[in-house]
Amino acid sequence: ARSYILANAIEAVIGAVYLDSGMDACRRIIGAWILTRLPSILETKSYLDPKSRFQEIAQEKFGITPRYQVLEESGPDHNKNFRVGVFIETELIATGEGLSKQDAQIQAAERALQEKGWS
């Protein structure tokens, strides 16, 4: 969600600059803020979400697709909390928690990337 909000904020700033100062000002901002960082973004694949990055690297290194498993659910039905583990074969690499299974999986993938030193 944070990346989505940041992307929308950048888009809004660029749009405001366009409305205020025109296309040339937008080109300068995009050139200075975005295009200069593009090679690093492409090299590190930081445009990928943590689950995709972890899956790509795990498949590259081990030829295995990681699997996610709900380890624990707590709380009432309307306000569940999930604890999810990410596994490579039978090895638990990391866990994550969240108010949805998806959020818990993303957190587990982020932690797994750090655990493996792949971030």
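**Exercise 1. Pairing the strands**

Task: Find the bridge partner of V70 in β2, then work out how β1 and β2 run and what sits in the turn between them.

Solution: Keep in mind that this is a predicted model.
- Step 1: Look across from V70 into β2, and you land on V84, its bridge partner.
- Step 2: Zoom out to the strands. β1 covers residues 67-74 and is joined to β2 by seven bridges, with the two running antiparallel.
- Step 3: Follow the chain through the turn. β1 and β2 make a hairpin with six residues between them, and G75 in that turn has a positive phi of about 95°.

**Exercise 2. The next hairpin and an odd phi**

Task: Which residue stands opposite F82 in β3, and what is the phi of E89 in the turn?

Solution:
- Step 1: Start with F82, which faces G98 in β3.
- Step 2: Count the bridges. There are seven between β2 and β3, and these strands run antiparallel.
- Step 3: Check the turn. Two residues separate β2 from β3 in this hairpin, and E89 lies in the loop between them.
- Step 4: Look at the backbone. Most residues other than glycine have a negative phi. E89 isn't a glycine, yet its phi is positive, about 55°.
- Step 5: Decide whether E89 is buried or exposed. The cut-off for exposed is over 50%, so at 55% relative accessibility E89 counts as exposed.

**Exercise 3. Mapping the nonpolar core**

Task: Work out which elements supply the largest nonpolar core, and what V86 touches.

Solution:
- Step 1: Recall the general trend: in soluble globular proteins, nonpolar side chains tend to be buried together.
- Step 2: Pick out the hubs. The largest core holds 13 residues, and F54, V86, I88, I93, A112, L113 and W118 have the most contacts inside it.
- Step 3: Assign the elements. At least two core residues come from each of α4 (50-62), β2 (81-88), β3 (91-98) and α5 (101-116), with α5 giving the most, four residues.
- Step 4: Look for a separate cluster. Another core, of five residues, lies apart from this one and includes V17, A25, C26 and I29.
- Step 5: Go back to V86 and skip its neighbours within four places in sequence. Its contacts are F54, P66, R67, Y68, E91, L92, I93, A94, A108 and A112.

**Exercise 4. Walking round the pocket**

Task: Describe the largest pocket by its volume, its lining and the elements behind that lining.

Solution:
- Step 1: Get the volume, which is about 650 Å³.
- Step 2: Find the middle. The lining has 19 residues, and R2, S3, D49, P50 and E110 are the closest to the pocket's centre.
- Step 3: Sort the lining by type: nine residues are nonpolar, five polar and five charged.
- Step 4: Trace the elements. α1 (2-21), α4 and α5 each bring at least two lining residues, and α5 has the largest share, six.

**Exercise 5. Two residues of α3**

Task: Take P39 and T44 in turn: are they buried, partly exposed or exposed, and how far are they from D77 and S119, respectively?

Solution:
- Step 1: Place them. Helix α3 spans residues 38-44 and holds T44; P39 is in α3 too.
- Step 2: Apply the cut-offs. Partly exposed runs between 20% and 50%, so T44, at 46% relative accessibility, is partly exposed. P39 has 54%, so it counts as exposed.
- Step 3: Take the C-alpha distances. T44 and S119 are 75 residues apart in sequence but 8.7 Å apart in space. P39 and D77 are 38 residues apart along the chain, with 45 Å between their C-alpha atoms.

Conventions: Residues are numbered from 1 along each chain as its sequence is written. This is a predicted model: local features need pLDDT of at least 70, side-chain atom pairs count only at pLDDT 80 or more; totals for chains, interfaces and linings use all residues. Side-chain values use heavy atoms; hydrogens and water are left out. A nonpolar core is a set of buried Ala, Val, Leu, Ile, Met, Phe, Trp, Tyr and Cys residues joined through side-chain atoms within 4.5 Å. Buried means under 20% relative accessible area, exposed over 50%, partly exposed in between (1.4 Å probe, protein chains only). Contact means heavy atoms within 4.5 Å. On a 1 Å grid over the protein atoms alone, a cavity is a set of points where a 1.4 Å probe fits but cannot get out, and a pocket is an open set with protein on both sides within 12 Å along at least five of seven lines; lining residues have an atom within 4 Å of a point. Grid points are joined across faces, edges and corners, and a volume is the space filled by probe spheres set on the points. Ala, Val, Leu, Ile, Met, Phe, Trp, Tyr, Cys and Pro count as nonpolar, Asp, Glu, Lys and Arg as charged, and the others, Gly among them, as polar. Two strands pair if DSSP finds at least two bridges between them.
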